[in-house]
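Thanks for coming, everyone. I'll take a few minutes to walk you through a structure that is new to you. Please look at the picture first, and then we'll go through it piece by piece.

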Amino acid sequence: MESDPALPLLVVDAANVVGSVPDGWWRDRHGAAERLRDALGPVAAHGLAAADAPEQVRT
């Protein structure tokens, strides 16, 4: 996927985000990563409320 230099790039440290919630993610690391990816879908489609423009989100 080629990036668009006109859009800010949002970088998510998935390991720290997933690991910040003690919900048993360590029993299903792959599933936890998929849930985070899926949760970022709306951000990729609509951007963050505090940002001026949509962000690039790469999965």
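A contact, in this talk, means heavy atoms within 4.5 Å. Keep that in mind. Now take the contacts in the protein with a separation of 6 or more. Of those, 53% are between residues 24 or more positions apart.

One caution early on. This is a predicted model. The average pLDDT of the protein is 79. A score of at least 70 is reached by 71% of the residues.

Next, the layout. The protein has three helices and zero strands. Along the sequence the pattern reads α-α-α. Confidence varies among these elements. Helix α2 has the highest mean pLDDT, at 91. Helix α3, residues 41-46, has the lowest, at 79.

How much of the protein is buried? Of its 59 residues, 20% are. As for the surface, the accessible area comes to about 4,600 Å². Carbon and sulfur atoms account for 57% of that area.

Let's go inside. Which residues make up the largest nonpolar core? There are six: V18, W25, A32, L36, L40 and V43. Pick out L36 from that set. Leaving aside residues up to four places away in sequence, L36 touches V12, A14, V17 and V18. V18 is a fellow member of the core.

L36 also brings us to helix α2, which spans residues 29-39. Three residues of α2 are buried: G31, A32 and L36. Where do they sit on the helix? Look down the axis of α2: the buried residues fall within an arc of 140 degrees, so they line one face. Here is some background on that. An α-helix has 3.6 residues a turn, so residues three or four places apart point the same way. What covers the buried residues of α2? The cover includes helix α1, residues 14-19.

So, on to α1. I'll take two of its residues. A15 is found in this helix. Is A15 buried or exposed? Its relative accessibility is 60%, and the cut-off for exposed is over 50%, so A15 counts as exposed. G19 is in α1 too. At 38% relative accessibility, G19 counts as partly exposed.

Both can be placed against R29. A15 and R29 are 14 residues apart in sequence, and their C-alpha atoms are 9.5 Å apart. For G19 and R29, the sequence gap is 10 residues and the C-alpha distance is 9.6 Å.

Now the rings. A pair of aromatic rings is described by the distance of the centres and the angle of the planes. How many aromatic pairs are there here? The count is one. The pair is W25 with W26: the ring centres are 5.8 Å apart and the planes stand at 80 degrees, so the pair is edge-to-face. W25 belongs to the largest nonpolar core. W26 counts as partly exposed, with a relative accessibility of 43%.

One last stop, ahead of the helices. L10 lies in the segment before α1. Its relative accessibility is 26%, which makes L10 partly exposed. L10 and L48 are 38 residues apart in sequence. In space, C-alpha to C-alpha, L10 and L48 are 9.6 Å apart.

To recap: three helices, a largest nonpolar core of six residues, and one aromatic pair. That's my tour.

Conventions:
Residues numbered from 1 in each chain as written. Predicted model: local features only at pLDDT ≥ 70, side-chain atom pairs only at ≥ 80, totals over all residues. Heavy atoms only, no water. Core = buried A, V, L, I, M, F, W, Y, C linked by side-chain atoms within 4.5 Å. Buried < 20%, exposed > 50% of the residue type's maximum accessible area, 1.4 Å probe, protein only. Helix = DSSP H or I, 4+ residues; strand = E, 2+ residues; numbered from the N terminus. Areas by Shrake-Rupley, 256 points an atom, 1.4 Å probe, with all protein chains shown as cover. Arc of directions from axis to C-beta. Phe/Tyr/Trp six-rings, centres within 6.5 Å; stacked < 30°, edge-to-face > 60°. pLDDT = per-residue confidence, 0-100.
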